[in-house]
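Visitor: I would like to walk through this model slowly, starting with a place where two helices meet. Could you explain each term as we reach it?

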4 protein chains.
Amino acid sequence: MAPHSVAELTSSSSWAMVEDKFSPYAKETLAKLIAFFEEEVWPAERLARAQLPDDVTRWQTVIPIIGELKAKARKLGLWNLFLSKAHYPEHGVPLTNLEYAVMAEIMGRSGHLGSEVTNCSAPDTGNMEVLARYGNAEQQKKWLTPLLNGENPFVASSDATNIRTSIRQEGDEIVINGHKWYISGAGDPRTKVHLVLGKSDPNNSNAHLQQSVVIVPADAPGVKVVRQMMVMGFDDAPEGHSEVIYDNVRVPLGNLVLGWGRGFEIIQGRLGPGRIHHCMRSIGAAQVALDTMIRRVTDPSRKTFGKFLYEHGTVVADIAKSRAEIESARLLVLSAALQIDKLKAKGATKEIAIAKFIVPSMALQVVDRTIQAFGAEGLSQDQDLAFVFANLRTLRIADVHIQQVGQRELRRAPALARKTAEIKKKEAVLFEQRGLKVPQ
Amino acid sequence: MAPHSVAELTSSSSWAMVEDKFSPYAKETLAKLIAFFEEEVWPAERLARAQLPDDVTRWQTVIPIIGELKAKARKLGLWNLFLSKAHYPEHGVPLTNLEYAVMAEIMGRSGHLGSEVTNCSAPDTGNMEVLARYGNAEQQKKWLTPLLNGENPFVASSDATNIRTSIRQEGDEIVINGHKWYISGAGDPRTKVHLVLGKSDPNNSNAHLQQSVVIVPADAPGVKVVRQMMVMGFDDAPEGHSEVIYDNVRVPLGNLVLGWGRGFEIIQGRLGPGRIHHCMRSIGAAQVALDTMIRRVTDPSRKTFGKFLYEHGTVVADIAKSRAEIESARLLVLSAALQIDKLKAKGATKEIAIAKFIVPSMALQVVDRTIQAFGAEGLSQDQDLAFVFANLRTLRIADVHIQQVGQRELRRAPALARKTAEIKKKEAVLFEQRGLKVPQ
Amino acid sequence: MAPHSVAELTSSSSWAMVEDKFSPYAKETLAKLIAFFEEEVWPAERLARAQLPDDVTRWQTVIPIIGELKAKARKLGLWNLFLSKAHYPEHGVPLTNLEYAVMAEIMGRSGHLGSEVTNCSAPDTGNMEVLARYGNAEQQKKWLTPLLNGENPFVASSDATNIRTSIRQEGDEIVINGHKWYISGAGDPRTKVHLVLGKSDPNNSNAHLQQSVVIVPADAPGVKVVRQMMVMGFDDAPEGHSEVIYDNVRVPLGNLVLGWGRGFEIIQGRLGPGRIHHCMRSIGAAQVALDTMIRRVTDPSRKTFGKFLYEHGTVVADIAKSRAEIESARLLVLSAALQIDKLKAKGATKEIAIAKFIVPSMALQVVDRTIQAFGAEGLSQDQDLAFVFANLRTLRIADVHIQQVGQRELRRAPALARKTAEIKKKEAVLFEQRGLKVPQ
Amino acid sequence: MAPHSVAELTSSSSWAMVEDKFSPYAKETLAKLIAFFEEEVWPAERLARAQLPDDVTRWQTVIPIIGELKAKARKLGLWNLFLSKAHYPEHGVPLTNLEYAVMAEIMGRSGHLGSEVTNCSAPDTGNMEVLARYGNAEQQKKWLTPLLNGENPFVASSDATNIRTSIRQEGDEIVINGHKWYISGAGDPRTKVHLVLGKSDPNNSNAHLQQSVVIVPADAPGVKVVRQMMVMGFDDAPEGHSEVIYDNVRVPLGNLVLGWGRGFEIIQGRLGPGRIHHCMRSIGAAQVALDTMIRRVTDPSRKTFGKFLYEHGTVVADIAKSRAEIESARLLVLSAALQIDKLKAKGATKEIAIAKFIVPSMALQVVDRTIQAFGAEGLSQDQDLAFVFANLRTLRIADVHIQQVGQRELRRAPALARKTAEIKKKEAVLFEQRGLKVPQ
């Protein structure tokens with residue numbers, strides 16, 4: 001059987017919008033990626049889950065099939081595709097954000113297995129970006145290289161506000177003290193280092209110069225993984241989301257990234273592209289949910305009272321809405337990716353923020369409808385839906401982004417006022433010429 | 001002051017998605033269209049309304065400024081842009097559906113003034129398409145030419161189902177008897193002919209061969225415009241939406257279009273592109289509503305208790321949602337337009353149907369939020385919002401299209417089942433190789 | 001045929017909740033009201049509309065059937081039922097707010113015909129309340145008596161903020177200058193007086209003492225009805241909603257209500273009960289819309305493709321949602337009415353505000369679904385739906401009330417904090433007794 | 001500090017609606033219940049969680065504090081309150097459904113701890129109702145008594161359709177074979193018996209006579225608890241929701257309940273009251289979520305950028321909407337409970353179905369907003385919100401009930417048609433008397 005085409009996997013209408021923006025290399029890579037997922041990744045999904053123990057040893061497990069798939073992906077050149085040459089000339093691949101966005105959706109069609117086996121999973125991607133952009137040669141050699149090789153997943157604190165971690169110099173050492181929650185990946189046995197953001201100059205009048213970023217080895221004395229935070233009952237092992245205490249942790253001065261007080265700059269630079277990739281993966285997840293729903297409601301063994309599920313008008317409507325919502329969200333994210341390519345992340349702030357508040361809500365709704373089609377089974381461990389729902393729920397932090405989009409839109413007010421004044425002036429002439437009074 | 005750019009008028013992100021798909025001619029035409037609207041159309045909007053009387057003479061009025069604008073538009077080549085050369089080689093302009101879609105949004109930014117002055121307004125566009133595609137040489141000369149010249153707006157029955165009009169041959173004449181509602185434009189004094197769909201062979205076992213289309217002069221004996229139907233209190237004069245009785249109306253045989261029993265074929269051919277143009281105009285209307293809202297909430301004279309309206313978080317959220325919804329709907333329609341260019345309307349059925357159920361609801365919601373920002377004034381004749389709302393409401397006939405989209409999606413079920421079987425087979429091998437049992 | 005029971009007209013479940021709170025007099029009055037509506041009012045609805053001319057004379061028309069119905073209603077004692085003896089011992093009827101609320105829903109089942117023929121229509125009700133509560137004996141004799149007799153509908157400015165009308169004393173006269181919009185009833189030929197709120201002491205440091213209320217004869221020199229404001233294309237003749245200018249209008253000092261600077265007090269006192277009656281009438285309108293929808297979708301002449309409209313699952317769902325939403329809104333308003341009976345309007349602020357933001361949105365949604373079931377006809381003058389929609393839309397001013405409810409809820413925070421502290425204290429003891437550490 | 005009043009715990013407006021329907025006994029019991037929850041239950045919530053181990057021993061755990069609370073509740077007479085004397089004269093307490101509904105909300109304010117310690121938790125309540133109504137004396141003595149004493153939680157199959165379990169007689173034994181999922185409580189070590197519904201006469205032409213109910217000891221050979229089904233990642237230990245296989249299980253004939261083929265009758269009788277109690281508990285859960293949200297957004301330690309969370313208009317709006325939605329749902333359920341008291345469950349079918357589709361969606365939305373106010377912490381094990389969300393999600397099976405309500409509403413069509421005909425007849429007379437033509 002022929003492999004899925006990209007138009008089939010995502011949608012023919014969105015693919016038509018972007019196809020002519022793809023380089024030959026990107027097209028070829030995309031085709032390889034699809035074939036790889038069809039041949040290797042999707043068939044391995046349940047095996048990966050079966051290879052993760054149910055008991056506490058799950059936190060010490062390196063899932064064998066993931067290692068095998070990583071090796072294959074690397075050999076095929078389906079590796080670190082998120083790292084764009086345009087932004088990272090030395091380490092990157094020649095893919096635009098738009099090109100990668102389409103690939104991220106494919107990866108998102110296999111939960112985090114998809115991005116992990118291609119070394120494209122968050123939060124490692126963000127960490128690699130930080131080191132590729134801001135790390136010095138030595139830091140890159142020591143920490144970036146293994147990361148790019150898919151070893152040693154890093155760890156980061158995603159939260160640039162509400163910083164309560166202190167980072168200060170003592171002699172030729174840096175001392176870190178802090179308490180953090182939801183440190184993704186800290187539970188993973190392969191994690192060798194943490195990338196820690198904290199306050200190094202809390203009294204600096206410029207709030208953007210108060211923070212610094214430090215590389216901290218995971219086994220440094222004082223690094224304590226307190227426990228794993230649950231996400232709606234899921235532990236997300238073996239990566240997990242840990243509560244971590246940094247208790248008088250000491251590292252050499254050379255572990256400071258970029259320089260004192262440049263933490264905000266680093267975190268800002270790290271955002272942008274990465275975040276939109278999340279969105280594309282979520283769209284992949286939503287598309288899988290829709291496909292799953294279609295399979296379920298057309299399953300002949302599910303007839304009730306002689307009727308297929310899909311013979312209910314409300315079920316058909318749910319499918320239609322899901323299709324329309326996925327498609328419009330996909331186009332939004334693709335166009336945001338294109339804006340990033342054209343104007344950098346900074347010039348695409350509004351488009352990125354729109355994607356961030358639209359996509360998670362949309363995907364949650366689609367997954368919820370699929371759960372509904374399954375009944376209780378949809379919430380159980382026999383389907384992946386509840387797990388996907390839980391992960392998507394963590395991304396729905398709509399309010400911040402809604403306000404941001406609204407504020408950006410409001411910046412158009414002065415230009416609108418000027419244009420309106422221009423038109424009013426011309427209108428006045430028209431009325432005057434005809435001896436008429438302009439209405440209020 | 002520099003004219004608006006298309007990116008500014010619609011959005012920079014959607015423009016970036018389609019810009020490279022525009023021919024030089026299309027780009028130039030679009031720029032001319034924008035300049036024309038800025039210089040001539042928008043300043044004339046309220047004049048056009050002022051030139052329409054309040055009393056019954058409104059139904060006999062030809063609004064002077066519209067005539068002037070039509071002459072200018074024609075001279076500038078901004079004329080009949082809806083008629084694509086690709087589909088109508090003889091009469092059409094060299095614009096793709098996608099290219100015209102962007103222009104239709106600009107036109108939609110000035111209600112039906114925008115499409116009327118460029119001879120692109122419904123339902124004339126559909127009628128021109130019918131005659132250009134299905135009319136014989138004589139019919140085209142007699143009826144199409146004046147239409148293409150912007151004279152004699154036609155009239156049509158939009159409803160291909162629930163047909164109760166009879167069309168039968170008697171000698172060398174055709175006799176029409178029927179009763180129709182919502183015949184757009186029948187109230188207009190310039191209307192010279194009706195294009196009537198009716199049952200010519202009601203007992204034909206093939207339901208698609210029961211109908212015919214006939215050209216009927218507006219002044220033929222027996223054509224009675226009974227009254228004007230209101231739309232939420234608006235009469236939409238001077239075009240209006242009439243209740244019309246055809247009482248033993250007789251026309252020569254030569255007025256039959258295409259042939260007996262080909263009415264369904266004609267009506268089907270007429271749909272498609274035209275309908276999506278409606279969507280783009282609605283997006284233009286929504287964008288104007290959003291701009292109006294931004295102007296209102298930043299109007300310094302509207303402060304209440306020392307606060308601007310835009311300082312309320314809920315107002316900001318309304319603006320953000322409107323922006324995101326407009327943008328995603330716009331991208332949906334543009335991608336549907338592209339599908340039509342690639343696969344004809346028939347190949348783009350799903351995309352068209354999605355656009356048709358998403359856009360009107362979206363636009364109604366945006367206009368409703370703007371009404372809310374204005375309070376009672378938003379519902380009055382001092383703003384155009386209620387009129388726009390009423391017009392958009394007639395377009396929201398969601399259920400049909402939702403079911404259609406859902407049914408189309410469900411057609412993917414067999415392919416999904418096959419792909420799933422493929423993957424299961426590979427999965428079975430993986431488990432077997434490891435001596436594991438495949439989970440249920 | 002037996003008359004409708006109240007349980008049938010509203011709902012059996014809500015009636016069961018309140019029936020035992022009704023006095024024998026209230027029950028008897030309600031039964032009479034229902035019989036009157038069945039025998040006289042509902043059959044007369046379309047006649048009333050037919051008796052209103054289409055042309056400008058509509059503004060000078062006193063609709064004959066309304067006069068006849070008023071005479072009958074008065075004779076039956078179905079008159080001024082809104083005026084509760086509890087609040088207005090002299091003029092009122094012995095009905096509680098809750099009892100009247102159920103009657104207001106019945107009245108709302110016949111648009112404003114229902115409340116007009118029983119002399120219970122806004123804004124007259126509010127004006128009667130003002131004069132009954134705050135007018136002196138002379139004012140009551142001269143102005144209240146005709147109002148209570150159903151003559152001389154009054155007029156009022158509903159807007160207590162954004163006051164731009166000035167009211168000042170000159171010698172023994174009061175001089176009024178102002179410009180107002182949406183003065184309901186000013187277009188009616190029977191209107192004899194205006195009740196005008198304006199600023200008499202704009203610089204008073206106490207914002208609540210800046211305003212006064214004055215009685216102004218409609219034919220006083222300087223009272224100019226400029227034009228009628230439209231509501232979504234409807235003029236609401238013959239009452240209308242007028243733009244009015246008060247241009248140096250002079251009235252005797254005796255026309256001042258209550259005293260200088262007491263305008264705010266008057267307007268506040270006038271709110272409350274009246275507003276919730278609006279809500280009950282809206283619920284009546286929604287219930288009529290649902291009944292209309294049920295009739296439509298079960299109409300055998302509306303079958304399409306051999307299927308009744310109600311055989312679509314989505315139509316059934318629309319009906320179910322409408323039923324549930326009407327019922328829950330009804331219970332909310334009834335419980336708010338009961339709170340007013342128990343705690344006066346002031347003690348029921350939150351319940352009133354909830355009713356005000358929930359009911360109009362709910363009713364609009366129900367009416368919109370019914371419009372949808374009718375298609376284009378639902379928006380036309382052949383159905384009352386668009387008119388009802390327009391009127392309901394003016395009531396949806398949600399944001400103010402939402403914020404008000406939210407703020408009131410937040411006042412519960414200190415009590416919640418105290419209770420939580422109590423519970424934590426007990427919890428600490430429990431853990432301590434067992435030698436366990438209280439979790440963070 | 002004074003204990004909460006019921007008006008404070010639920011809402012003053014809903015309490016005012018039902019207070020006068022409460023017997024003195026019910027009022028007294030309610031007051032005792034509130035005091036008990038304040039003094040004993042709420043302070044013990046986190047202790048109960050702390051006493052449940054994290055590892056597999058959780059499935060063998062009897063949580064000590066629950067036992068203590070049960071003893072206290074029983075002593076206080078706060079025991080088996082769900083079992084109404086009206087329906088179960090022998091074993092029941094003298095409470096109406098309405099009275100118990102208010103108590104169920106209080107219980108719902110403490111998750112299943114609240115209903116468990118008062119011996120009112122599902123699915124035991126339903127099982128007790130079955131045995132109390134349909135069990136013979138011997139069965140009651142052997143199985144009902146321990147249940148009423150709060151020992152031996154039972155187990156039931158909730159699903160009356162899709163039955164694949166076979167129940168047949170062999171000699172003087174009954175043989176059961178089947179496979180069931182989501183058997184609540186089967187994981188609990190205290191569970192002594194299962195109440196099994198299955199097909200005893202699958203070919204009976206009357207579908208309602210095909211099934212029977214049998215009492216099966218939990219330790220009978222062939223009863224296999226295969227595994228625990230998860231609900232969004234939660235196992236709900238120690239009760240759990242098990243997958244169970246009945247593999248040739250044999251029980252004596254005396255274990256048959258009521259008689260062969262009476263399974264459907266039993267299951268039907270068991271529904272009704274019990275289901276509405278679920279709704280009231282869900283309302284309690286929603287109210288707790290709202291209270292939690294208010295506490296969070298007013299927590300002074302949560303200020304961001306100098307602003308309290310509650311200073312955002314959108315947060316205030318969320319609180320207001322939650323308040324209004326909880327209140328309207330509460331009134332709906334209380335009125336449904338009253339209908340059950342008046343008309344039995346059968347006469348209240350529509351009200352019950354409305355409650356069942358409105359309440360879970362409402363509660364999920366409120367809990368989701370609270371989660372949003374907490375951010376990631378809201379999804380973690382540090383808050384109870386995700387667990388509550390997961391449980392509520394299992395209850396949202398809206399579609400069935402929506403269709404049921406819609407179908408019931410549609411039954412009003414004939415009566416509506418008759419009434420309309422009556423009114424039309426009177427209308428015709430009115431027009432005729434005036435020599436006018438009735439409009440179409």
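Visitor: Which residues of helix 11 of chain C are met by Gly313(A), Thr314(A) and Ala317(A) in helix 11 of chain A?

Guide: This is a predicted model, in which local features need pLDDT of at least 70 and side-chain atom pairs count only at pLDDT 80 or more, while totals for chains, interfaces and linings use all residues. Residues are numbered from 1 along each chain as its sequence is written, and chains are lettered from A and ligands numbered from 1 in the order in which they are written. Helices (H or I, at least four residues) are DSSP runs numbered from the N terminus, and two residues are in contact if their C-beta atoms, placed from the backbone, lie within 7 Å. On the side of helix 11 of chain C, the residues met are Gly313(C), Thr314(C) and Ala317(C).

Visitor: How is helix 11 of chain A oriented to helix 11 of chain C?

Guide: Helix 11 (residues 313-347) of chain A and helix 11 (residues 313-347) of chain C have axes 7 Å apart and pack at an angle of about 95°. Axes are lines fitted to C-alpha atoms, for helices over the stretch in contact, and angles run from 0 to 180 degrees between N-to-C directions. Angles under 35 degrees count as roughly parallel, over 145 as roughly antiparallel, 65 to 115 as roughly perpendicular and the rest as oblique. Helix 11 of chain A is therefore, relative to helix 11 of chain C, roughly perpendicular.

Visitor: How many residues of the contact of helix 11 of chain A with helix 11 of chain C are polar?

Guide: Ala, Val, Leu, Ile, Met, Phe, Trp, Tyr, Cys and Pro count as nonpolar, Asp, Glu, Lys and Arg as charged, and the others, Gly among them, as polar. The contact of helix 11 of chain A with helix 11 of chain C has 2 nonpolar residues and no charged ones, and its polar residues number 4.

Visitor: Which helix of chain A gives the largest share of the side that touches chain B?

Guide: Between these chains, 61 residues of chain A are in contact with 61 residues of chain B. The side of chain A that touches chain B divides into 33 nonpolar, 12 polar and 16 charged residues. Several helices of chain A each supply at least two residues, including helix 3 (24-50) and helix 12 (349-374). The largest share, 18 residues, comes from helix 11 of chain A.

Visitor: What kind of axis relates chain D and chain A?

Guide: In general, two copies of a chain are related by a rotation about an axis and a shift along it. Here a rotation of 180° with 0.0 Å of shift along its axis superposes chain D on chain A with RMSD 0.1 Å, by least squares on the C-alpha atoms of residues with pLDDT of at least 70 in both. The two copies are thus related as by a two-fold rotation axis.

Visitor: Which C-alpha of chain D is nearest the axis?

Guide: The C-alpha in question lies 2.1 Å from the axis, and in chain D it is that of Gly233(D).

Visitor: What percentage of the contact residues of chain D recur in chain A?

Guide: There are 20 residues of chain D in contact with 20 residues of chain A. Helix 13 (residues 385-395) of chain D gives the most to the side of chain D that touches chain A, with 4 residues. The same surface serves both copies, and the share of the contact residues of chain D that recur in chain A is 95%.
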